[in-house]
Every structure is written in C-alpha cells, then in structure tokens.
Amino acid sequence: MSVSHVAVLSSCRPRFVPSLSCASTFLRSRIRCCSTLSATSSETPTPTSVKKRVVSGVQPTGSIHLGNYLGAIRNWVALQNVYDTLFFIVDLHVITLPYDTQQLSKATRSTAAVYLACGVDPLKASVFVQSHVRAHVELMWLLSSTTPIGWLNKMIQFKEKSRKAGDEEVGVALLTYPVLMASDILLYQSDLVPVGEDQKQHLELTRDLAERVNNLYGGRKWKKLGGRGGTIFKVPEPLIPPAGARIMSLTDGLSKMSKSAPSDQSRINILDPKDLIANKIKRCKTDSFPSLEFDNSERPECNNLLSIYQLVSGKTKEEVAQECQNMNWGTFKALLTDALIDHLHPIQVRYEEIMSDSGYLDEVLAQGARNAADIADTTLHNVYQAMGFLKR
C-alpha cells in the first residue's frame with residue numbers, strides 16, 4: 001500500500017497554545033460539544049466518510065530521541081489529519097525487562113508530554129496510557145490461549161534480547177509480549193499499523209493471530225452463541241513510513257538510533273539542550289571521503305547525517321544534495337547543529353509548558369483512555385462471547 005499521501009510535511013511544527021489553562025478549558029468544552037453533536041445528529045455517515053483507524057505507541061523507557069520523533073511521532077501529526085488515530089504510551093511492555101520502578105510513572109508522563117509537544121492533537125487523536133485500558137491485558141490472555149508456542153520461539157527480538165540477558169534473567173513476559181502487541185492492535189479493530197523493519201515480524205504474528213481467532217471462533221460458530229457472526233477481528237495492514245525516516249546512530253551509521261544503546265553520544269534526544277546537541281554533532285562519526293553525498297553504501301554516516309538535515313530543515317533531498325555537496329565536515333556539522341536546535345527548540349518550550357500543568361496532561365490522558373476503552377470494551381465483549389464465556 002502506498003503511503004505517500006500521508007507522508008509528513010517537513011514544515012509541520014507543534015501548535016502553540018497561549019495558555020495551558022485555556023487549552024484545558026477548551027478541551028473540556030470541545031469534548032462536551034462533540035458528545036452533544038454525536039447524540040443529537042440525525043445525519044448518518046456514509047461508508048466513504050468512515051475513516052480508517054491507525055494505532056501506534058512508544059515505550060516510556062529512556063529519552064525520546066530523534067529516531068523516535070522523525071521515524072514515528074512526527075508522522076503521527078500527519079496521520080491524525082487523515083485517519084481515526086489512537087496513540088498510546090506502551091508502559092506494559094517496559095516490564096518485560098528489568099526496569100526502574102521509581103522512574104516508570106515519571107517517564108510515562110514525560111513521554112505523553114513529548115507526544116503533545118511534537119504536535120499530536122488530543123482533539124484529533126486519542127492519547128492515553130496502555131495500562132489505563134485494562135482490556136489490553138485481558139485480550140492478551142485470551143489470545144495467548146490460541147497462540148502456538150512455536151510462533152513465539154521464532155521471534156527474532158526475543159532471541160536477541162534473551163541471549164544478551166541470559167536465560168535465568170529473562171521472564172516469560174519477554175517471550176509473550178508479541179501477544180500483548182497483537183492485543184494492542186486487534187483490540188481497536190485497526191486498519192493500519194505504522195511499522196519499521198524491526199517490527200514487521202510482530203505485525204505478521206498479529207495478522208496470523210487475527211485470522212486464527214476468526215477461523216476458530218468467528219462466523220457461524222459465533223452466531224450460534226448469539227453474536228453477529230462474521231469476523232471477530234480486522235486483519236491489519238502495515239503502514240510503511242516515508243523513505244528516509246529511519247534514523248541511524250551517530251556513532252555507527254549501520255545501526256539504528258536506539259534508546260538502549262549504552263552511549264548517549266549515539267543519539268540526539270528531543271529534550272537535549274543546545275550545547276549538548278552541538279557537542280554530539282561535533283563528535284559524531286564521519287568519514288574521510290571528499291564532498292558529501294546521499295546513497296553511497298560505503299558512506300552510511302554521511303547518508304544518515306544528510307538525511308537528518310533534510311528532515312529537520314524541510315528541504316528536499318535534491319536541495320540538500322546541491323547545498324552540501326562541496327562542504328567539508330566542519331561546515332556541514334555547524335549547519336546541521338543550527339538546524340537541529342532551531343527545529344527542536346519550540347518542541348522543548350511546549351514540553352515545559354505541558355509538564356508545568358499536570359491537570360491539563362491528566363485530563364488529556366483520562367479522556368484518551370475513555371475514548372480507547374469505548375472501542376476496546378466492544379471488541380473484548382465480542383471475543384468473550386465468541387469464545388463461549390458466560391455473559392457478565
């Protein structure tokens with residue numbers, strides 16, 4: 001499926017609200033108005049007016065970095081204008097590996113604030129915390145009963161992470177968390193799921209589980225139990241991010257920028273102060289080739305840094321290639337540093353505003369969880385019914 005029509009415009013910037021207290025009041029009034037309109041409107045939506053649904057989320061571990069932002073969150077800003085969107089903080093996934101209990105709650109709030117600061121609009125998208133919608137865990141358990149263990153043993157990420165941690169340090173959750181990921185997606189009858197290369201295998205598992213449950217419990221079997229029959233789950237399709245959105249490490253152009261990389265020098269965090277950004281760019285890995293160019297397989301760091309500049313400057317690939325081709329690394333690094341600082345500064349200002357008004361953030365997350373639960377509870381009811389459970 002082509003996704004060029006939802007590629008993020010590089011000119012997208014976070015929307016600023018003069019006062020967060022005003023924003024909070026506006027949010028409440030909009031919620032009431034939307035509820036009233038929904039209840040009183042006699043207009044029946046036509047099939048063509050129904051938006052497809054997209055769900056996505058980021059774990060609240062470490063700091064949100066440039067790869068998370070350019071590869072995922074900034075794309076959400078465009079997606080929320082085209083689709084019915086749910087963006088959540090996947091805190092339940094954090095506990096699959098050792099974590100800091102003192103920091104989880106703080107990191108969850110911070111991640112939510114970053115979503116909003118980057119331009120995710122709670123009036124267009126439901127923003128919520130995964131653990132605040134209990135149906136995620138309930139559906140995971142139901143799906144676990146139909147998931148062959150062989151499917152989970154094939155998961156590449158499990159093999160890699162368990163090898164690093166050692167069998168005695170790995171909990172069962174690390175093996176079964178792809179089932180939770182499937183629950184996250186299927187719970188909302190998602191049409192499309194933004195995925196990177198490292199997540200395609202998990203989406204395939206989700207699709208296989210959806211089809212397996214539909215075959216085992218859907219159709220006439222479900223109808224005989226009083227259900228509507230047909231499929232229980234939609235089988236989601238991948239939404240591939242725009243080309244160039246895969247951001248690589250500053251210390252290794254062949255490795256993806258990652259929260260889990262031991263060196264903070266390998267990434268630009270969204271909330272890094274300007275002096276730290278300048279220092280990281282000054283020290284980032286480059287090469288000794290003359291001139292600068294895209295798409296040379298022998299120059300992964302060069303391609304990565306030019307791509308970052310393209311994405312944060314809002315210029316086309318051709319414009320960047322022409323502008324930078326004859327630059328030396330010192331001149332280009334100064335240019336890239338300024339572009340990064342200019343791009344991230346308004347996000348950082350907005351983040352501080354949001355974090356200073358905990359009531360506003362709490363209200364956004366609570367309303368998002370209510371919106372999500374309305375959808376999730378319907379799906380969960382259907383699954384319980386189709387699987388033969390006694391009605392509550």
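## Close-ups of a predicted model

**View 1. Gln189 counts as buried, because its relative accessibility of 15% falls under the 20% cut-off.** This is a predicted model, so keep that in mind for every view here. Look for Gln189 in the loop that runs between helix H7 (172–186) and strand S4 (192–194). The backbone is worth a glance too: phi of Gln189 is near 50°, a positive value in a residue other than glycine. For context, most residues other than glycine have a negative phi.

**View 2. Ser291 also has a positive phi without being glycine, with a value near 65°.** Its place is the loop between helix H10 (274–283) and H11. Is Ser291 buried or partly exposed? Ser291 has 35% relative accessibility, so partly exposed is the right label: the class covers what lies between 20% and 50%.

**View 3. The whole protein, before zooming in again, has 14 helices and 5 strands.** The chain counts 392 residues, and 48% of them are buried. Now take the contacts between residues at least 6 apart in sequence: 76% of these join residues at least 24 apart.

**View 4. Trp76 and Phe87 make a stacked pair, one of the 7 aromatic pairs that a search of the whole structure finds.** A pair of aromatic rings is described by the distance of the centres and the angle of the planes. For Trp76 and Phe87, those numbers are 4.4 Å centre to centre and 5° between the planes. Trp76 belongs to helix H2 (residues 66–79) and Phe87 to strand S2 (residues 84–89), so the pair links distant parts of the chain, 11 residues apart. Both Trp76 and Phe87 are buried. The rings have company as well: Trp76, Phe87 and Tyr115 form one aromatic cluster.

**View 5. Tyr309 and Phe332 pair edge-to-face, because their planes stand at 85°.** The ring centres of Tyr309 and Phe332 are 5.9 Å apart. Which parts of the chain does this pair tie together? Tyr309 sits in helix H11 (residues 300–313) and Phe332 in helix H13 (residues 329–355), so the linked parts are 23 residues apart in sequence. Tyr309 and Phe332 are both buried.

**View 6. Arg212 lies over the face of Trp151.** The distance to the ring centre is 5.5 Å.

**View 7. Helices H4 (residues 135–144) and H14 (residues 358–386) have axes that cross at roughly 25°.** The two axes come within 10 Å. Given that angle, H4 and H14 are therefore roughly parallel to each other, as angles under 35 degrees count that way. Their crossing is left-handed. Which residues meet where H4 faces H14? From H4 come Ala135, Glu138, Leu139 and Leu142, and from H14 come Ala376, Asp377, Leu380, Val383 and Tyr384.

**View 8. H13 and H14 cross at roughly 90°, with axes that come within 6 Å.** H13 and H14 are therefore roughly perpendicular to each other. On the H13 side, the contact is made by Arg350, Ile354 and Met355. On the H14 side, Ser358, Tyr360 and Leu361 do the job.

**View 9. Tyr351 has its place in helix H13 and counts as buried, because its relative accessibility is 9%.** How many residues along the chain separate Tyr351 from Ala113? They are 238 residues apart, while their C-alpha atoms are separated by 5.9 Å. Leaving out residues up to four places away in sequence, Tyr351 touches Ser110, Ala113, Val114, Ala117 and Leu271.

**View 10. Glu301 is found in helix H11 and is buried.** Its relative accessible area is 8%, so it falls under the 20% cut-off for that label. What does Glu301 touch, not counting residues up to four places away in sequence? Its partners are Asp252, Gly253, Lys285 and Thr286.

Note on methods: Residues are numbered from 1 along each chain as its sequence is written. This is a predicted model: local features need pLDDT of at least 70, side-chain atom pairs count only at pLDDT 80 or more; totals for chains, interfaces and linings use all residues. Side-chain values use heavy atoms; hydrogens and water are left out. Rings of Phe, Tyr and Trp (its six-membered ring) pair if their centres lie within 6.5 Å; planes under 30 degrees apart count as stacked, over 60 as edge-to-face and the rest as tilted. Helices (H or I, at least four residues) and strands (E, at least two) are DSSP runs, numbered from the N terminus. Buried means under 20% relative accessible area, exposed over 50%, partly exposed in between (1.4 Å probe, protein chains only). A charge sits over a ring if NZ of Lys or CZ of Arg is within 6 Å of the ring centre and within 35 degrees of the ring normal. Axes are lines fitted to C-alpha atoms, for helices over the stretch in contact, and angles run from 0 to 180 degrees between N-to-C directions. Angles under 35 degrees count as roughly parallel, over 145 as roughly antiparallel, 65 to 115 as roughly perpendicular and the rest as oblique. A crossing is left-handed if the near helix is turned anticlockwise from the far one by less than a right angle, and right-handed if clockwise. Contact means heavy atoms within 4.5 Å.
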